[in-house]
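Ready for a few short exercises at your own pace? Have the model open beside you and try each task before reading its solution.

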Amino acid sequence: MPIIPRDVLFGNPERAAGQISPDGMWLTWTAPVNGVMNVWLAPAANPGAAKPITSEKVRPIRQYFWAPDSKTVLYIQDKGGDENFLLYGVDVASGAEKLLTPFEKTRVQIVGISPLVPGRILVGVNNRDAKWHDVHSLDLATGKLTPVLMNMGDYAGFVADGNLVVRGALKSRTDGGSDYYRVIDNKVEGKPLEQVALDDSLTTNPLGFTTDGKTLYWTDSRGRNTAALIAQDVATGAKKVVAQDAKADIGDVLTNPSTGQVEAYTVDYLRQDWKPLGSAVAADVALLNKQFPGDWVVTSRTRADDKWVLAAVASDKPSTTYLYDRKSKSLTPLFESRPKLAGAPLVPMQPVVIKSRDGLDLVSYLTLPASSDANRDGKADRPAPLVLFVHGGPWARDSYGFNSYHQWLANRGYAVLSVNYRGSTGLGKDFTNAGNLQWGLKMHDDLLDAVNWAVKQGVTAPDKVAIMGGSYGGYATLAGMTFTPTTFACGVDIVGPSNLETLLKTIPPYWEAGKVQFYKRMGDPTSAEGLALLKAASPLYKADKIQRPLLIGQGANDPRVNQAESEQIVDAMRSRNIPVTYVLFPDEGHGFARPVNNIAFNAVTENFLAKCLGGRAEPIGDTIAKSTAKVPHGAEFSPGLSEALGGK
């Protein structure tokens, strides 16, 4: 079977992130310009006449959106991964590009965008106090920022209505939950309108108002396990359950671009399932579900709601973007994100449910290499080495779909298993809250139970399992290497914390509102009991237990998991003469956004895994030379790395 080149899987997509302007006149997407992802613009009637309208030269643009007047394309960008995202605008008519939030060490939030106020949006900026965002009105034509509500009350966020009037404010509670306050005339009332305790804090949130301001939508788990979709009458406060599911939280919603009414929603247990609300888009949802069995997402809709742009994906095929005409019910392909993968030996992903030792259902996703699943039925014909690929967060989840890491590792000969361990979101609050104060404990047990399941199912052999992941997944890797030092044959930690006490001391200032929740869910460093819990769960203090090869990747500008988190454990291992390879990227943050850097680290990773588990690998080649990678320690422990560094 041919090796799929790393750059085909992890290089820039040919095109991505397709959208249509609200007036239906323009199509946009991101595509490379001199190797860097920029925003391109084309007349909707002539997509072939596309041209780039942004001029980023180093860091890819990963998030952009249309202003409601269709005159401006807006995007956010940080510097070197520092996550201080600023807002930029490009005038469609003139092509002029402007920095709209010209501040240093500031992170912009979008508070409100409405078709009723097409030339203006509401933004939150934390340039006055890094911990808290003040609400400003931004005139898109002039770039003028006008203060609307100064956040002197430590509010975590705000909700605006269709007239861009701030109507609600969220504030953290001492128990780790949050309160929702009504805002009248840009003044926050003293008594909360809604109260949300810690147990519901990750599954209860206001979604937004209908355009007429009469209804406020929520996802709400209060009084139930899974988050339901709730419609609240603003005048009376009365609530109505609009949609709910027994197994999973309500996920994405489709809202009418003019009225703001929710017209469809998703439930994602094993796979995503779109369901209509009422008749407005029922025929459209039925058609798209039939065409793309649930695996599609609408990225934009015209204000007239006659055309949608959507992306459809399968687990063994990267996304294709379509223009959908609602009147004719026709789908026109616009582009494939990675056409070079056409004909590549991609393999399917299988949803599986694994029982934890204490009876929880762990929704998981297994991808088998072709060599161990010849008939592609998701059941192993013979054991293969396994990579346990752990998601970050931990308050996030793995889902079904095309996953470049699963395809890459399976192509190299590995089975890949991703587990929604307790603490993961989307599967009800009971499952999320089961992870409270369980870092390195029952959360880790869930991963071990998944490995044992894979061994019993004949997917792998007990001595042929590696653990890999980023952020919390990196922490899980370090926990695997230290707490259960003989379970995994090797580990790959990407931006993972090694010391939970120092992690909590160095979180970004704009996370202040969520700090108490971290304490309640991880351990409170201000109490002796909490501090002891954090230290016991910190791999750093058990670095001497490490027996198996470890590879660590880190971004120097990471605001979430500081560089010190990696360097502490590298230093602890080096002082004990325990081998470890440490790769540092000076122009990256929490993960590796620049493809040249991501490809370089993956090149090191696959050669590291090949030595450890015996899979296939492309040579590292010139990937290190093309990247900004530095290897402060341990190049000699990773195959081919010293040679690839050369004189670098």
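The exercises below go through a helix, its packing partner and a sheet.

This is a predicted model, in which local features need pLDDT of at least 70, side-chain atom pairs count only at pLDDT 80 or more, and totals for chains, interfaces and linings use all residues. Residues are numbered from 1 along each chain as its sequence is written, and side-chain values use heavy atoms, with hydrogens and water left out.

**Exercise 1.** Find out which residues of helix 3 are buried, and look at both ends of this helix.

Solution. Start with the term: helices are DSSP runs of H or I with at least four residues, strands are runs of E with at least two, and both are numbered from the N terminus. Next, check burial, meaning under 20% relative accessible area with a 1.4 Å probe and protein chains only (exposed is over 50%, partly exposed in between). Ser404, Tyr405, His406, Gln407, Trp408, Leu409, Ala410 and Asn411 are buried. With 8 of the 8 residues buried, helix 3 is therefore largely enclosed by the rest of the structure. Now go to the start of helix 3, where a side-chain oxygen of Asn403 comes within 2.9 Å of the backbone nitrogen of Tyr405. After the helix comes Gly413, with a positive phi near 110 degrees.

**Exercise 2.** Describe how helix 3 packs against helix 11.

Solution. Two packed helices are described by the angle between their axes and the distance between the axes. Axes are lines fitted to C-alpha atoms, for helices over the stretch in contact, and angles run from 0 to 180 degrees between N-to-C directions. Helix 3 (residues 404-411) and helix 11 (residues 595-613) pack at about 35 degrees, their axes 12 Å apart. Then list the contact (heavy atoms within 4.5 Å): helix 3 supplies Tyr405, Trp408 and Leu409, while helix 11 supplies Asn598, Asn602, Thr605, Glu606 and Leu609.

**Exercise 3.** Which residues does Pro595 touch, leaving aside its neighbours within four places in sequence?

Solution. Begin by placing Pro595 in helix 11. Pro595 is buried, at a relative accessible area of 17%. Its contacts are Phe10, Gly11 and Asn12. Finally, Pro595 and Phe10 lie 585 residues apart along the chain, yet their C-alpha atoms are separated by 6.4 Å.

**Exercise 4.** Work out the strand order of the open sheet of 4 strands, and find its edges.

Solution. Strands pair if DSSP finds at least two bridges between them. The order is 9-10-11-12, with antiparallel pairing. Strand 9 (109-112) and strand 12 (145-149) are the edge strands, each pairing on one side only. Strand 9 pairs with strand 10 (residues 120-129) over 3 bridges, and Gly112 stands opposite Leu122 in strand 10.

Methods
A polar contact is a pair of N or O atoms within 3.5 Å; within protein, one must be able to donate a hydrogen and the other to accept it, and residues adjacent in sequence count only if both atoms are side-chain atoms.
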